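Reader: I am in my first year and would like to look closely at one part of a protein model rather than skim over the whole. Could you choose one strand, walk me through its surroundings, and then show me how the neighbouring parts fit in?

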Amino acid sequence: MAQRFRGESVHKVDSKGRVSIPALFRRVLEAADAEWTVGLQPNVVIVYGGASQNYLECYTQEAITEVDAKISALPRGSKRRRALEHIFNGQSLPTQTDDTGRLVLPAKLREKIGITGEAYFKAAGDTFQIWAPDAYEARNADIEDWLSEQGDDFDPLTLLEDDPAELAGE
């Protein structure tokens, strides 16, 4: 994918569950949807997951196609494949933005993650997340704390220098 989601922002959610997607996020959704053309609305798949997932993960068509291909490569009936199908097929919602670049978040999803008047959008590379602002802050405070402990001269690019196999255990 040529473009990735970048940035974060907070948006109002109206009583019908409509929330504006950040404009830059919309461009990425359009670029990653092979069926999108001017005048059409881009597709997005919202994965809401099980009881422990307290945010919505929004996939571009390109990203969800990649995930689907990896799931399909697993042996049919295997526990891993069944679990992934349960999450990515059963606990997901394929949808589109509306004409003004908004998503409609059904009441079930808003209630699941505790969204009332505002939604926090957070870029995550080829996906973006939607959180209740307080839940995001509570869940990710440890990252901010850890980064601040690294010192004033800390260069975050040094995190890319470690062996990914070593990092898998973190």
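Author:

**Strand S3 and its surroundings**

Strand S3 and strand S5, which covers residues 92-96, pair in the antiparallel sense over five bridges. One of the positions to look for is Asn 43, whose bridge partner in S5 is Gln 96. S3 also pairs with strand S4, residues 56-59, again in the antiparallel sense, here over three bridges, and in this pairing Ile 46 stands opposite Cys 58 of S4. Please keep in mind throughout that this is a predicted model.

With these partners in view, we can turn to the burial of the strand. Five of the five residues of S3 are buried, and therefore the strand is largely enclosed by the rest of the structure; the cut-off behind the word "buried" is a relative accessible area under 20%. The two faces can be followed separately: Asn 43, Val 45 and Val 47 lie on one side, Val 44 and Ile 46 lie on the other, and both faces are covered.

From here it is natural to move to helix H1, since strand S3 (43-47) is included in what covers the buried residues of this helix, along with strand S7 (118-124) and strand S8 (127-131). H1 itself runs over residues 23-31, and within the helix Phe 25, Arg 26, Val 28, Leu 29 and Glu 30 are buried. A general point may help in reading such a list: an α-helix has 3.6 residues a turn, so residues three or four places apart point the same way.

One of those helix residues leads on to the aromatic rings, for a search of the whole structure finds nine aromatic pairs. Among them is the pair of Phe 5 and Phe 25, which is edge-to-face, with 5.2 Å from centre to centre and 70 degrees between the planes. This pair links distant parts of the chain, as Phe 5 belongs to the segment before strand S1 (8-12) and Phe 25 to helix H1, 20 residues apart. Phe 5 is buried, with a relative accessible area of 2%, and Phe 25 is buried as well, with a value of 2%. Another of the pairs is formed by Trp 131 and Tyr 136, whose ring centres are 5.3 Å apart and whose planes stand at 80 degrees, so this pair is edge-to-face; both Trp 131 and Tyr 136 are buried. Returning to Phe 5 and Phe 25, we find that they join Phe 121 and Phe 128 in one aromatic cluster.

Another part of the model can be set beside this picture, namely the largest pocket, which holds about 260 Å³ of space. The residues that line this pocket are Ile 143, Glu 144, Leu 147, Pro 156, Leu 157, Leu 159 and Leu 160, and they divide into six nonpolar, no polar and one charged.

Finally, it is worth placing the strand within the whole chain, which has six helices and eight strands. Read from the N terminus on, the elements follow the order β-β-α-β-β-α-α-β-β-α-β-β-α-α. Of the 170 residues of the chain, 35% count as buried, and the five residues of S3 are buried. When contacts with a separation of 6 or more are considered, 64% of them are between residues 24 or more positions apart. The C-alpha atoms of the chain fill a box of roughly 45 × 40 × 35 Å, taken along the principal axes.

Definitions and conventions: Residues are numbered from 1 along each chain as its sequence is written. This is a predicted model: local features need pLDDT of at least 70, side-chain atom pairs count only at pLDDT 80 or more; totals for chains, interfaces and linings use all residues. Side-chain values use heavy atoms; hydrogens and water are left out. On a 1 Å grid over the protein atoms alone, a cavity is a set of points where a 1.4 Å probe fits but cannot get out, and a pocket is an open set with protein on both sides within 12 Å along at least five of seven lines; lining residues have an atom within 4 Å of a point. Grid points are joined across faces, edges and corners, and a volume is the space filled by probe spheres set on the points. Ala, Val, Leu, Ile, Met, Phe, Trp, Tyr, Cys and Pro count as nonpolar, Asp, Glu, Lys and Arg as charged, and the others, Gly among them, as polar. Buried means under 20% relative accessible area, exposed over 50%, partly exposed in between (1.4 Å probe, protein chains only). Helices (H or I, at least four residues) and strands (E, at least two) are DSSP runs, numbered from the N terminus. Contact means heavy atoms within 4.5 Å. Rings of Phe, Tyr and Trp (its six-membered ring) pair if their centres lie within 6.5 Å; planes under 30 degrees apart count as stacked, over 60 as edge-to-face and the rest as tilted. Two strands pair if DSSP finds at least two bridges between them.
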